[in-house]
Amino acid sequence: MDKKQKKWSVRPLALVKYLLLCLLLVIGYLFFQSPVLLSVVLLAIIFPIASMAGSYRMEPHLELQAAALQTQVHKGEQGNIGIYLHNSFAWMSLHCRINGTIENGIYGAEEDLHLEMPISAKTTEELVLPVASSYCGTIQIRLTQMEYRDLMGLFTIRRHVDCQAGFAVLPREEQGEKVDTQGMQEGLNELEESRAKGFDHADVTDMREYRPGDRIKDIHWKLSAKKREWMVKEREGTAQSQMVIVADLSKEREEIEVCIARLYSVIVSFLDERIPVRVLWWNVERSDFEEQFFTDKQQMEREFAGVLFRMKRTPDSNVIEQMQRMRPHLSGYLVLDGEGD
């Protein structure tokens, strides 16, 4: 944390109250000539200086951290994010405010977040933030500013921080629908057969990034040189042994919710039939598709949350046109868009 980023400010109302108190103490001493009142006056003058000095010296010893206590929850369930404020200095503050944002990573719906907690001397204060979401996606918090007061409450010290944490929100299991995997496969096979006629490279159905175990002779050398990463040709035999699903995230929130729930169910249904599934979705920033390959349910349970962290809503994008442009060799795939699919 950069010391140049911190900012001091005076709290005018608190300062006025303090000065009025000092004035009353001085008047009381002049009237009563009491040694006790003199000691109180001296203490009222000295303590704010000590309070300001202690708060100033404490600043480099503060460390803020955030961590999700669960990696994933189902929609409607409560997830918890821990906020940890560590102070290794022998001073304290009774009031510390932490500012930031909380958002759903898929939709980009962001709201301001304000947390309050004390700073204890030479210890770590912990705050557990409970969060529940009625939408799938990812809950992500980012803490950007911390401000605390000296013990007298006369000054506020602000500093920039950068802490992030989050967890995935999966569809509820009861949202799942029974999927006719056999009917889907038959329809895609008919589509592949009709498109294969007259296609010069009928055995090549797609291009993808290299994975360990791929054959050297399947590397597409020209495309690899252009993309500056190894690209492999997918052949018809390989494509038919897996299900390709394209998630359309260009719709409105409610439709995307349906799309994610169906995506989850369809993947589970095909994996139950021991059919691997490859999921693709459009990435606006990369102007290309991202993908995730699932081979079994155990892997899906581990990695589906990571897919949600990588997904973003893509308004005004047409995934079918993008697929035809970016994946011209892929003849058969299932598009999930939350409408008619």
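**Reasoning about strands, a patch and a helix**

Mentor: In this predicted model, strand 5 (residues 93–104) and strand 8 (residues 137–149) run antiparallel and are joined by nine bridges.

Trainee: What makes strand 5 and strand 8 a pair?

Mentor: Two strands pair if at least two bridges are found between them. Nine bridges join strand 5 to strand 8, so the two strands count as a pair. One of the bridge partnerships is that of I98 with M146 in strand 8.

Trainee: How do you know that strand 8 also pairs with strand 9 (residues 155–170)?

Mentor: The requirement is at least two bridges, and twelve join these antiparallel strands; therefore they pair. I141, for example, has A165 in strand 9 as its bridge partner. Strand 8 and strand 9 form a hairpin with five residues between them, and G153 in the turn has a positive phi of about 75 degrees.

Trainee: Why is L38 in helix 2 (residues 35–58) called partly exposed?

Mentor: Buried means under 20% and exposed means over 50%. L38 has a relative accessible area of 34%, which lies in between, so L38 is partly exposed.

Trainee: What makes L38 eligible for a surface patch?

Mentor: Patch residues need over 30% relative accessible area, and L38 has 34%. L38 forms a nonpolar patch with L42, I45, I46 and I49, with about 460 Å² of accessible area together.

Trainee: Why is helix 6 (residues 253–272) described as largely enclosed?

Mentor: Of its 20 residues, 14 are buried, so helix 6 is largely enclosed by the rest of the structure.

Trainee: How do you know that the span of helix 6 agrees with expectation?

Mentor: At 1.5 Å a residue, helix 6 should span 28 Å, and its end C-alpha atoms are 29 Å apart, which agrees. Just after helix 6, R274 takes a positive phi of about 60 degrees.

Notes: Residues are numbered from 1 along each chain as its sequence is written. This is a predicted model: local features need pLDDT of at least 70, side-chain atom pairs count only at pLDDT 80 or more; totals for chains, interfaces and linings use all residues. Side-chain values use heavy atoms; hydrogens and water are left out. Helices (H or I, at least four residues) and strands (E, at least two) are DSSP runs, numbered from the N terminus. Patches are made of residues with over 30% relative accessible area and no salt bridge: like charges are joined within 9 Å, nonpolar side chains (Val, Leu, Ile, Met, Phe, Trp, Tyr) within 5 Å. Accessible areas come from the Shrake-Rupley method with a 1.4 Å probe; for residues, only the protein chains shown count as cover. A salt bridge is a side-chain nitrogen of Lys or Arg within 4 Å of a carboxyl oxygen of Asp or Glu. Buried means under 20% relative accessible area, exposed over 50%, partly exposed in between (1.4 Å probe, protein chains only). The expected span of a helix is 1.5 Å times one less than its number of residues.
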